[in-house]
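Reader: I am in my first year and would like to see one part of a model explained slowly. Could you pick a single region and take a close look at it?

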Amino acid sequence: MGAPMKALVYNGAFDVAVEDVPDATIEQPTDAVVRITSTNICGSDLHMYEGRTDMETGRVLGHENMGVVEAVGAGVDRLKVGDRVSLPFNVACGSCETCVEGKTGFCLRANQAGTAGAAFGFAAMGEYAGGQAELLRVPWADFNALVLPEGTDKELDYTMLSDIFPTGWHGVQLSGFTPGDSVVVWGAGPVGLMAAHSARIRGAAEVFVVDKQPDRLELVRKAGATPVDYSAGDPVQQIMELTGGRGVDRGVEAIGYQAHDAHGEEDPSMVLNQLVGVVKATGGIGVVGIYLPQDPGASDDLAKQGKIAFDYGTFWFKGQTMGTGQCNVKAYNVKLRNLITAGVATPSFIVSHELDLGQAADAYQRFDRRDQGWTKVVLHPGELTAR
Ligand SMILES: NC(=O)c1ccc[n+]([C@@H]2O[C@H](COP(=O)([O-])OP(=O)(O)OC[C@H]3O[C@@H](n4cnc5c(N)ncnc54)[C@H](O)[C@@H]3O)[C@@H](O)[C@H]2O)c1
Ligand SMILES: [Zn+2]
Ligand SMILES: [Zn+2]
């Protein structure tokens with residue numbers, strides 16, 4: 001056990017703090033320890049922060065991690081100390097049936113509870129500490145870590161490879177997208193903006209993004225997409241008008257079960273049903289916003305049991321398809337890294353704040369309130385490598 005390190009600990013709903021915790025160490029021969037240079041706060045952290053998951057108190061949060069390899073176990077033979085790496089938010093073994101299929105978001109061995117899928121610092125996704133900390137233990141490190149170009153270049157672009165850039169791309173993929181399609185994205189948070197960026201790179205004819213936050217709608221324009229303000233009127237009707245009544249080929253849901261109406265009232269079914277309404281017959285929907293098997297904090301009885309009042313009849317009648325679930329980051333991150341290196345992708349356009357780890361608790365509060373201008377927070381626990 002080394003000296004204590006600083007880490008952001010979940011102490012209960014709306015209560016996180018940077019505390020001293022034991023240093024991350026090599027526990028298995030296939031582990032590496034990574035010194036974190038950048039770790040981001042995610043909309044997924046907010047579901048935990050608000051007490052709307054079964055996250056255990058005392059856990060370190062943070063699943064969007066990158067840094068420099070500090071130590072490797074005896075069984076690690078690809079990664080080297082000093083390598084600059086991006087760590088997928090998924091923890092995956094690399095050798096189970098679903099990992100071999102490339103679906104690393106549903107690894108059958110990494111989650112100690114026996115359910116499919118594990119992640120760093122995440123409710124119900126295994127017992128792994130998160131990386132909003134100085135150091136992070138990375139299991140099956142040869143398999144999980146993506147090596148980045150050395151140096152400090154494009155830190156704020158590469159830091160998006162651990163989760164939201166692949167997740168936005170995955171949402172577009174799950175929708176059945178092909179070049180030339182028109183796409184609507186619901187939610188202009190970091191994930192929705194990454195879905196819009198991905199759709200543009202992949203050759204969408206037209207991209208719409210629905211939200212009501214003025215600062216985020218402004219970023220929609222930066223992503224080369226058309227903002228739709230749902231507080232200004234029914235978004236389905238607005239998009240129908242913008243498309244001459246045709247609707248769109250593809251839809252991406254990037255909000256999740258805490259979606260709310262224009263007055264702030266939560267409703268986990270409204271967005272899915274709006275997507276069914278606006279996507280053309282035979283079109284596809286990709287859902288990357290998170291939905292849970294149980295949500296005891298929900299306002300209606302159906303949602304408490306993880307059930308959604310979904311317009312299944314219309315969905316079926318229109319012959320639509322839907323893809324769902326956690327992103328398999330490793331299925332995309334090599335190619336997305338290369339797009340960043342080549343200058344084709346610039347996911348850093350959403351970063352609003354770069355802060356020290358010590359400012360994390362305040363940053364959670366502001367990002368959670370969706371304060372004007374707080375779009376994406378990147379924390380630098382150690383040496384600031386790319387400011
Ligand atoms: N599937 C995955 O692998 C994966 C990975 C990362 C994040 N997520 C999930 O994706 C979701 C989005 O993450 P984020 O970081 O962008 O979060 P975020 O909370 O910052 O963004 C959500 C956005 O949706 C908007 N919104 C809320 N209700 C709306 C409505 N009815 N219509 C239109 N817009 C509405 C909000 O104003 C906000 O801007 C979260 O549920 C997160 O947990 C999933
Ligand atoms: Zn995330
Ligand atoms: Zn596996």
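Author: What follows is a close look at the surroundings of ligand 1 and the two domains beside it.

This is a predicted model, in which local features need pLDDT of at least 70 and side-chain atom pairs count only at pLDDT 80 or more, while totals for chains, interfaces and linings use all residues. Residues are numbered from 1 along each chain as its sequence is written, and chains are lettered from A and ligands numbered from 1 in the order in which they are written.

Start with the domains, whose bounds come from an automatic or database domain assignment. Domain 1 covers 4-163 + 328-380, and domain 2 covers 164-324. Their C-alpha centres are 25 Å apart. Across the boundary, 24 residues of domain 1 are in contact with 22 residues of domain 2; contact requires C-beta atoms, placed from the backbone, within 7 Å. On the domain 1 side, α1 (43-49) and α12 (333-341) each give two or more residues. Helices here are DSSP runs of H or I with at least four residues, strands are runs of E with at least two, and both are numbered from the N terminus. That side of domain 1 consists of 12 nonpolar, 8 polar and 4 charged residues. Nonpolar means Ala, Val, Leu, Ile, Met, Phe, Trp, Tyr, Cys and Pro; charged means Asp, Glu, Lys and Arg; the others, Gly among them, are polar.

Now the ligand. Both domains give residues to the shell around ligand 1, so ligand 1 lies between them. The shell has 34 residues, and G43, S44, G187, G189 and G256 come nearest. A residue is near a molecule if its C-beta atom, placed from the backbone, lies within 6 Å of it. Two or more shell residues come from each of α1, α5 (164-174), α6, β9 (206-211) and α9 (270-278). Helix α1 gives the most, with 4 residues. By class, the shell divides into 17 nonpolar, 12 polar and 5 charged residues.

Helix α6 (residues 190-201) also matters for another count: α6 gives the largest share, 6 residues, of the largest nonpolar core. That core has 107 residues, and A196 is one of the members that touch the most others. Such a core is a set of buried Ala, Val, Leu, Ile, Met, Phe, Trp, Tyr and Cys residues joined through C-beta atoms within 7 Å. Buried means that 20 or more other C-beta atoms, placed from the backbone, lie within 10 Å of the residue's own. Like the shell, the core draws on both domains, with at least three residues from each.

How values were computed
Contact = placed C-beta atoms within 7 Å. Buried ≥ 20, exposed ≤ 12 C-beta atoms within 10 Å, placed from the backbone.
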